Amino acid sequence: MHVRMSIIFVALLVLSMCTGPQGKNRGQKRSAATVASPGKNLSEPVRHAPGKVITVRPSHQDPVVPIGLRCIKRAYPQVRSIDAHGLTLISGERFIWDRGRDHMSLKRRLEDPDLKTMMSQCYSPGRHGTPPLVNHDPGRARVESFFRAIYGKRSSSVIKHLKSVTPPVGKAGIRVRVSSINAIDERLARIFGGLTAPKMKFRALFTGSAGYHWRTVAGTARLSAHSFGIAIDINPKYGDYWRWDRGADVYKNRVPVEIVTAFEGEGFIWGGKWYHYDTMHFEYRPELLDPECICPVVPDNPAL
Ligand SMILES: [Zn+2]
């Protein structure tokens with residue numbers, strides 16, 4: 001009997017908590033009882049009745065999922081789920097969002113970035129009139145294991161998915177090999193197709209284009225994006241690369257904006273938007289072109 005009374009008492013107590021300020025008791029005077037306001041720390045003890053102190057735990061809330069992870073999830077169908085701490089691929093492989101890279105040097109962060117570092121610099125699609133800000137290289141940091149998991153762990157597995165695409169150069173036999181995973185080959189074919197008839201003046205830009213090449217980035221031990229079949233270099237004659245101009249410290253570009261926007265429209269970022277510029281280089285990185293992850297548009301200042 002005593003136990004039953006206790007259960008009834010607890011049930012009434014819980015009911016009074018659930019109705020709260022929006023419940024049927026709204027407006028009535030609560031003697032000796034206080035309710036935490038929405039802005040208060042809900043873990044604080046709340047006094048509901050004389051002599052009774054109850055701890056109200058926060059109601060179940062979804063943990064905050066970083067925006068960058070949401071962009072990655074939308075960009076890669078291989079991602080099964082995301083949560084506050086990382087992502088899980090359909091294969092079961094797990095990638096942690098934040099592995100404490102924030103205070104490392106730029107070099108260390110490039111060598112071994114986490115997903116947070118990879119998404120930490122926003123990309124600005126479209127025309128940009130000013131050279132990139134110092135050390136602003138959106139997309140240059142890549143979690144290599146993530147791209148290996150998506151496109152192939154080693155060259156032999158990447159090669160299995162390569163497809164050849166013919167650039168609009170007017171000569172037969174010139175082909176660029178890229179991955180067919182995530183339809184990168186079809187995207188590139190659409191870009192090339194859109195650049196033909198009215199824009200033949202761009203043909204020379206694609207002479208000598210190169211796609212897949214299992215190799216490291218010049219001067220580093222990091223795998224190049226070309227290793228995964230997700231990147232294409234246009235004609236080096238029209239390209240500028242920061243390493244070639246070492247010491248000059250002057251941004252250069254000879255690639256027309258029409259080419260850049262055609263690639264961006266299919267999910268490719270451009271190395272011409274990096275402080276460490278590589279204007280030949282286009283790379284399939286749709287996570288950086290997601291509307292939620294691109295740089296906020298700064299309106300033109302009419303005073304300038
Ligand atoms: Zn390249």
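Here are legends for a set of close-up views of this predicted model.

**Figure 1. The whole chain, with its confidence.** Residue numbers start from 1 along each chain as its sequence is written. As this is a predicted model, local features need pLDDT of at least 70 and side-chain atom pairs count only at pLDDT 80 or more, while totals for chains, interfaces and linings use all residues. Here pLDDT is the predictor's confidence in each residue, from 0 to 100. The protein chain averages a pLDDT of 79, with 72% of the residues scoring at least 70. Residues 7–56 are the stretch to treat as a low scorer: pLDDT stays under 50 there, and the model has 33 contacts beyond four places in sequence for it. A contact means that the C-beta atoms of two residues, placed from the backbone, lie within 7 Å. The chain's secondary structure comes to nine helices and ten strands, taken as DSSP runs numbered from the N terminus (helices are H or I, at least four residues; strands are E, at least two). Of the 304 residues, 28% count as buried. Buried means 20 or more other C-beta atoms within 10 Å of a residue's own, exposed means 12 or fewer, and partly exposed is in between, again with C-beta atoms placed from the backbone. Take contacts between residues at least 6 apart in sequence, and 54% of them join residues at least 24 apart.

**Figure 2. The β8-β10-β9 sheet.** Three strands make up this open, antiparallel sheet, in the order β8-β10-β9. Strands count as paired if DSSP finds at least two bridges between them. β8 (231–233) and β9 (268–270) are at the edges with a single partner strand each, so one side of each has no neighbour in the sheet. Neighbouring strands are turned by 20° against each other on average, direction ignored. For angles, axes are lines fitted to C-alpha atoms (for helices, over the stretch in contact), and values run from 0 to 180 degrees between N-to-C directions. Helix α9 (residues 257–264) packs on the sheet, where it touches β9 and β10, and its direction makes about 145° with that of β9.

**Figure 3. Zooming in on β10.** Three bridges tie β8 to β10 (residues 281–284), and β9 and β10 also pair over three bridges, in the antiparallel sense. On the β8 side, I232 has F282 as its bridge partner, and D233 stands opposite H281. On the β9 side, I269 is the bridge partner of E283. Side chains in a regular strand alternate between the two faces of the sheet. In β10, H281 and E283 point one way, F282 and Y284 point the other way, and all are buried.

**Figure 4. Helix α7 and the core.** Which residues of α7 (residues 184–194) are buried? They are I184, D185, L188 and I191. Their arc around the axis is only 120°, which puts them on the same side of α7; the arc is that of the directions from the helix axis to the C-beta atoms. An α-helix has 3.6 residues a turn, so residues three or four places apart point the same way. Cover for these buried residues includes β6 (162–165), β7 (176–179), β8, α9 and β10. L188 also turns up in the largest nonpolar core, which has 48 residues; L115, V178, L188, I230, I232, I259 and F263 touch the most other members. The largest share of this core, four residues, comes from α9. A nonpolar core here is a set of buried Ala, Val, Leu, Ile, Met, Phe, Trp, Tyr and Cys residues joined through C-beta atoms within 7 Å. Neighbours within four places in sequence aside, I232 is in contact with V176, V178, L188, S209, A210, G211 and F282.

**Figure 5. Helix α2 over the β3-β4-β5 sheet.** This is another open sheet of three strands, antiparallel, in the order β3-β4-β5. β3 (79–83) and β5 (94–96) are the edge strands, each pairing on one side only. On average, neighbouring strands are turned by 15° against each other, direction ignored. Helix α2 (residues 67–75) lies across β3 and β4 and runs at about 170° to β3. In α2, G68, L69, C71 and I72 are buried. They span an arc of only 160° around the axis, which puts them on the same side of α2. What covers them includes β3, β4 and α4 (115–118).

**Figure 6. I90 and the β4-β5 loop.** β4 (residues 86–89) and β5 pair antiparallel over three bridges, with R94 in β5 as the bridge partner of T88. I90 is in the loop between these two strands. Buried or exposed, what is I90? Exposed, because 12 other C-beta atoms lie within 10 Å. I90 and V79 are eleven residues apart in sequence, yet 5.8 Å apart in space, C-alpha to C-alpha. Residues up to four places away in sequence aside, I90 touches Q78 and R80.
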